[in-house]
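Here are a few notes to help you find your way around this structure. Please keep the 3D view open as you read.

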Amino acid sequence: MAPSIHAPGTRPAVSSGLEKAPTGIRGFDEITGGGLPRGRASLVTGGPGAGKTLFGLEFLVRGARDFDEPGVLLAFEESAEELADDVASLGFDLAGLEAGGHLVVDACRVDATEFVTTGEFDLDGLFIRLSAAVQAVGARRVVLDTIEVLFGALDNEAVVRAEFSRLLRWLKDQGLTTLITGERGREGQLTRYGIEEYVSDCVIVLDHRMHDEIATRRLRIVKYRGSRHGTNEYPFLVTDRGLMIWPITSTQLTYPVSTDRVSLGVPRLDQMLTGGVHRGSTVLITGSAGTGKTTLAASAADAACARGEPALFVSFEESPDQLVRNMRSVGIDLGRWVGAGLLRLWGQRATAFGLESHLAGIERLLDETTPGIAVLDAVGSLTHIGAQSEVTAAVAREVDMMKSRGITGILTSLTHEDQGETSSVDASSLIDTWLLLRNVESDGERNRLLFVIKSRGTAHSNQVREFILTDRGPELLDVSVGPRGVLTGSARMTQVAEERAAEAERRGELERRQLDLARRSAEVEAQIALLREQLATETAELDRLVVEQSRGEDARAAARATLARRRQGDLPRPGREA
Amino acid sequence: MEPTCGADSNRVDGPSKEYELRLYLAGHSPKSVRAVENLRRACEEHLAGRYRIELVDLLENPQLARGDEIIAVPTLVRKLPQPVRKIIGDLSDTEKLLVGLQLRSAGGPP
């Protein structure tokens, strides 16, 4: 069975005391907090082709199949065969459910041209048929599609109104969860005959409108008595597995998170992200044309396959063969993984189908391949098939699909140089890691730079790296940051060479100066030695003089003494005689 | 179910046409009774001898409602002559009944 947001048989938490019947319609039970009011009547209204009948049928089929609640469909507009054909393409087997006693489809077409009314009547025929059908399968759900035709076909409107109101009372008394479809009326009226007056519990409006030449379906809950509900207009899709309503942003945010790191296949990039990105997170690679977004994404897929994890690569721009060939030229051999059954390549022009089938296709691919990593290259192509807001919503849904499955998602998106760093798909708030590739043009070259703009939960590098594509896959190099700014390519090489020469020169200079210093120091030492020698010589000379002096004095004193003795004079006065 | 045959008489249509009529009812409500009376009277007056009436009570045979796609009661179904016509209500307006059975054009009596 197709996976629904809530596992079959379980009911999501009900926020109020009102009991709800899960519809099983993907996304609807989420925004209503559980589904339609149980045992009451709800109205779904919309213009032609808005998807009212499908909504009703899916409610019945999923009820009968997934929630063990048999149902009855009274179809006033289409025959049983037409209805069966309508939903066969959604994988719903009406005939099988009828045969199994889970469903009654009773077509009671009312052709106004066949009718004449004369006098009093009532709708007991309808009551009798409905109650017989309800009893036959023990129905818990009833869909009336589209009961409004009775108002047009039977010309006594007062009687139809009274009978309709009696019918609703009867359905409520029986505890049947009822869905009534209605055709949208003119001038803002919800229904053509104002039947919303009778159905007061829950009113859903479906809308199918053209915007920018693109058809979009939207769902809005106008009223839900006694229950909290989302009030936005929610885009919805008719997929090949039923309706899918997606909240504009993920309302739940209850994904399982992992602290595991996953390599993106470029070792230095993994280092910048402290070991890769978190498993189950979403990576956005933006860049202008030819910056290597696809190659980087392919390298991540290649790394996943090398670890033995299945990978999915969805390309909206290249065919699988072309992708394999192009990646081989940069040393990434995707072909061997395809051969080994690990890699699923899927190529489809975005413009081939609308957003609806696109999303349905992606979801199917994710379910079929259950990949560890999924690449969507490039989500910006979707802007060709949807208005900006729808594409953003679609991308949000894709991110949601991958996160809820624990798949590491890699989205690429084209940016234009003149638009700076804004992505053509405004999904940057949804993603966890954002890598920006940028072309820089200088010295007649274009080279690529890689920036890690953000990476949640990662102490990521703030460095710019040059991103080069070698024949062994992508690699990162340090950029040269010099007085002339960030240099890449041959400018970087020139810069490196210049730096080396300058370095050698500086080293030579130093050596020369060291030698010089040594020589000078030797000179100084020599001078010091010479001076010391001179000093020593002078000291010795002085000593000699001192000795000579004292020796002379002694001699003179002796001579004077001798003389005095000879003259028999007074004692000499030494100071004057000298 | 009680087929009824009337005597030969015709004024509007050609003499060859046989009318096969089936009247769906739900029990014996006043509406049902009135519808049967009104139908019998009109048939005697306008289709004497060339009509058959079958009465179906849906309370007894609810499954029969699906065949002729009956929603309202009383409903008179003209099975023959083709095409099938349905006339809803207690048939109190004979004019409208005759128009519905195409015994008289919508513009009034010829």
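1. A good place to begin is strand β1 of chain B, residues 19-25, which pairs with β2(B) in the parallel sense over seven bridges. Within this pairing, Leu25(B) sits opposite Asp57(B) of β2(B). Please keep in mind that this is a predicted model.

2. Next, look at what packs on the sheet here: helix α1 of chain B, residues 30-46. Helix α1(B) touches β1, β2 and β3 (75-80) of chain B, and its direction makes about 170 degrees with that of β1(B).

3. Now step back to the whole sheet. Five strands make up an open sheet with mixed pairing, and their order is β6(A)-β4(B)-β3(B)-β1(B)-β2(B). At the edges are β6 (115-117) of chain A and β2 (51-57) of chain B, each of which pairs on one side only. On average, neighbouring strands of the sheet are turned by 20 degrees against each other, direction ignored.

4. Where does chain A join in? β6(A) runs parallel to strand β4 of chain B, residues 85-88, and three bridges join the two. Val116(A) is found opposite Ile87(B) in β4(B).

5. Finally, do have a look at the contact between the chains: 22 residues of chain A are in contact with 30 residues of chain B. On the chain A side, the elements that give two or more residues are β6 and α5 (124-137). Of these, α5(A) gives the most, with six residues. Sorted by class, this side of chain A has 11 nonpolar, four polar and seven charged residues.

Technical notes: Residues numbered from 1 in each chain as written. Chains lettered and ligands numbered in written order. Predicted model: local features only at pLDDT ≥ 70, side-chain atom pairs only at ≥ 80, totals over all residues. Pairing = 2+ DSSP bridges. Helix = DSSP H or I, 4+ residues; strand = E, 2+ residues; numbered from the N terminus. Axes fitted to C-alpha atoms, helices over the stretch in contact; angles between N-to-C directions. Contact = placed C-beta atoms within 7 Å. Nonpolar A, V, L, I, M, F, W, Y, C, P; charged D, E, K, R; others polar.
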